[in-house]
Amino acid sequence: MSCLVVVGAQWGDEGKGKIVDLLTEKSDIVSRFQGGNNAGHTLVVGEEKVILHLIPSGILHKNKLCIIGSGVVIDPGVLLKEIRELRENGYKISPETFAISDRAHIIMPYHKIIDHARDAGRIGTTGRGIGPAYEDKMRRTGIRVIEIIHKDLFKKKLDDIFEEKQNYITQILKVKGIDKEAMYKQYVKMGSDLRPFVVDTSITIDKAIKEGKNILFEGAQGGNLDIDHGTYPFVTSSNTVAGGVCVGIGIGPTKIDNVIGICKAYTTRVGEGPFPTELNDETGERLRAFGGEYGSTTGRPRRCGWLDLVALRHSIRLGSIAYVAITKLDVLSGLESLKVATAYKSGDTIIKDMPADFEIYPDLELIYDELPGWEENISSVKSYDALPANCKAYIKYVEKHLGVSAAIISVGPKRKETIIVKDLF
């Protein structure tokens, strides 16, 4: 039995979907523990591209149970659309293959209206209502899955909160209000459709652990977007680090056996916020073009830059990450030389850890090491030893400076374009 956590180690978009899909082969259960449909996991199965926003990537495999934990905020309309599309593509979605925590919170229409009206590019949210849903959760005014599947309970909860939301939307934000009755009927219908999947998933996970099953916990976004430990306020609304599994699933920390962090061979970021190694030049454009760096949820172009070891060390320490999976290594092929940021400099001060004060980021100088690149196309390479010498030197350099080993190396978007260095199950 093993409980393995998979988390992003940068600012999200690291390729977690592909790695989770790969690790699912030896898993019995795959469970999401935080975030919402602001996440987008892209998988390439054969010639087919599949993008998932809420359902764990393991749903593409037979005889696996995929779980949405209590730490996730759920847009029921998006979830039902995802279920429908997966079924249309031949995937089985039933209570035997999919479960939703009865304690997960629901994204309501007013959450999305508030998100759009308030942000206006300030933080760069996806506008999906994620932040406002988490706000209500913490204010203890949120609506949970257990409530929308019981229409009388749902009506009482909605009656308690609706006027406050309607007044805020119309009087403060000055946007069009919501038809309460239409919203109520819509959510009752969606709650009825989701009801067969709703259980106490904490009990499901606990039972599976006692039965000796392999469980994969799947994170969304990345460590540097964590609400407590990321580049605040340019962060997401939940705890993205591995510790978030315990509260977002409902298990104790001693149940976790291992943590793998996913990182690209370079760095990307979507939206606003500090990005010390960002490249606003021809190299940055090349990384974006060759890496297909456009958000799977928003379609926004990702900002691209050199690998940042300061940011990576931050995530590795916070998440007790024991291994990394390096993705998109193939994108670096053809570059004559590669830079890696080892530290920042502010005036005469060398900074080796992520600063909490984001105001200093624009004035930081970067301390880089430069390594030789490689010309070879590595997408068809099947083993570590067959990689070009300079490519292996780049991996070893990263391992040495992070103090962890690379367990998985991705050399292309397809399942088969992956090198397994260490089996984690």
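## Two helices that cross

Is the crossing of H11 and H12 left-handed or right-handed? In this predicted model, H11 and H12 cross in a right-handed way. Helix H11 covers residues 309-319 and helix H12 covers residues 389-402. Their axes are 10 Å apart, and the two helices pack at an angle of about 55 degrees. That angle makes H11 oblique to H12, because the label "roughly parallel" is kept for angles under 35 degrees and "roughly perpendicular" for 65 to 115.

You can find the meeting place by looking for a few side chains. On the H11 side, look for Leu-309, Leu-312, Arg-313 and Ile-316. On the H12 side, their partners are Tyr-397, His-401 and Leu-402.

## Meet helix H6

Now let us turn to another helix. H6 runs through residues 151-172, which gives 22 residues. From its first C-alpha to its last, H6 reaches 30 Å, close to the 32 Å expected at 1.5 Å a residue. H6 also has a bend of about 40 degrees, found at Ile-161. Just after H6 comes Lys-174, and its phi is positive, near 60 degrees.

Which residues of H6 are buried? They are Phe-154, Leu-158, Ile-161, Phe-162, Lys-165, Gln-166 and Ile-169. Try following their numbers along the helix with one rule in mind. An α-helix has 3.6 residues a turn, so residues three or four places apart point the same way. Ile-161, where H6 bends, is one of the buried residues. The buried residues of H6 pack against four helices: H3 (109-119), H4 (130-139), H5 (145-148) and H7 (180-194).

## H3 beside H6

One of those partners, H3, deserves a second look. H3 and H6 pack at an angle of about 25 degrees, and their axes lie 11 Å apart. This makes H3 roughly parallel to H6, since angles under 35 degrees earn that name. The crossing of H3 past H6 is left-handed, whereas the one between H11 and H12 is right-handed.

From H3, the contact uses Tyr-110, Ile-113, Ile-114 and Arg-118. From H6, it uses Leu-158, Ile-161, Lys-165, Tyr-168 and Ile-169. You have met several of these H6 names already: Leu-158, Ile-161, Lys-165 and Ile-169 are among the buried residues of the helix.

## Buried residues in a loop

Loops can hold buried residues too, as the next two examples show. Leu-225 sits in the loop between strand S10 (215-218) and helix H9 (244-250), and Thr-236 has its place in the loop between S10 and H9 as well. Why does Leu-225 count as buried? Its relative accessible area is 13%, and buried means under 20%. Thr-236, at 9%, is buried too.

Leaving aside neighbours within four places in sequence, the contacts of Leu-225 include Gln-10, Trp-11, Gly-12, Phe-234, Thr-236 and Arg-269. Not counting residues up to four places away, Thr-236 touches Asn-38, Gln-221, Leu-225 and Ile-227. Gly-292 lies 67 residues from Leu-225 along the chain, and their C-alpha atoms are separated by 21 Å.

## One more loop residue

Where is Leu-364? Look in the loop between strand S17 (349-351) and strand S18 (365-372). With a relative accessibility of 10%, Leu-364 counts as buried.

Apart from residues up to four places away in sequence, Leu-364 touches Tyr-344, Lys-345, Ser-346 and Ile-351. Ala-343 is 21 residues from Leu-364 along the chain, and 9.9 Å separates their C-alpha atoms.

Terms used: Residues numbered from 1 in each chain as written. Predicted model: local features only at pLDDT ≥ 70, side-chain atom pairs only at ≥ 80, totals over all residues. Heavy atoms only, no water. Expected span 1.5 Å × (residues − 1). Bend = angle between axes of the 7 residues up to and from the residue. Buried < 20%, exposed > 50% of the residue type's maximum accessible area, 1.4 Å probe, protein only. Contact = heavy atoms within 4.5 Å. Axes fitted to C-alpha atoms, helices over the stretch in contact; angles between N-to-C directions. Parallel < 35°, antiparallel > 145°, perpendicular 65-115°, else oblique. Left-handed = near helix turned anticlockwise from the far one by under 90°.
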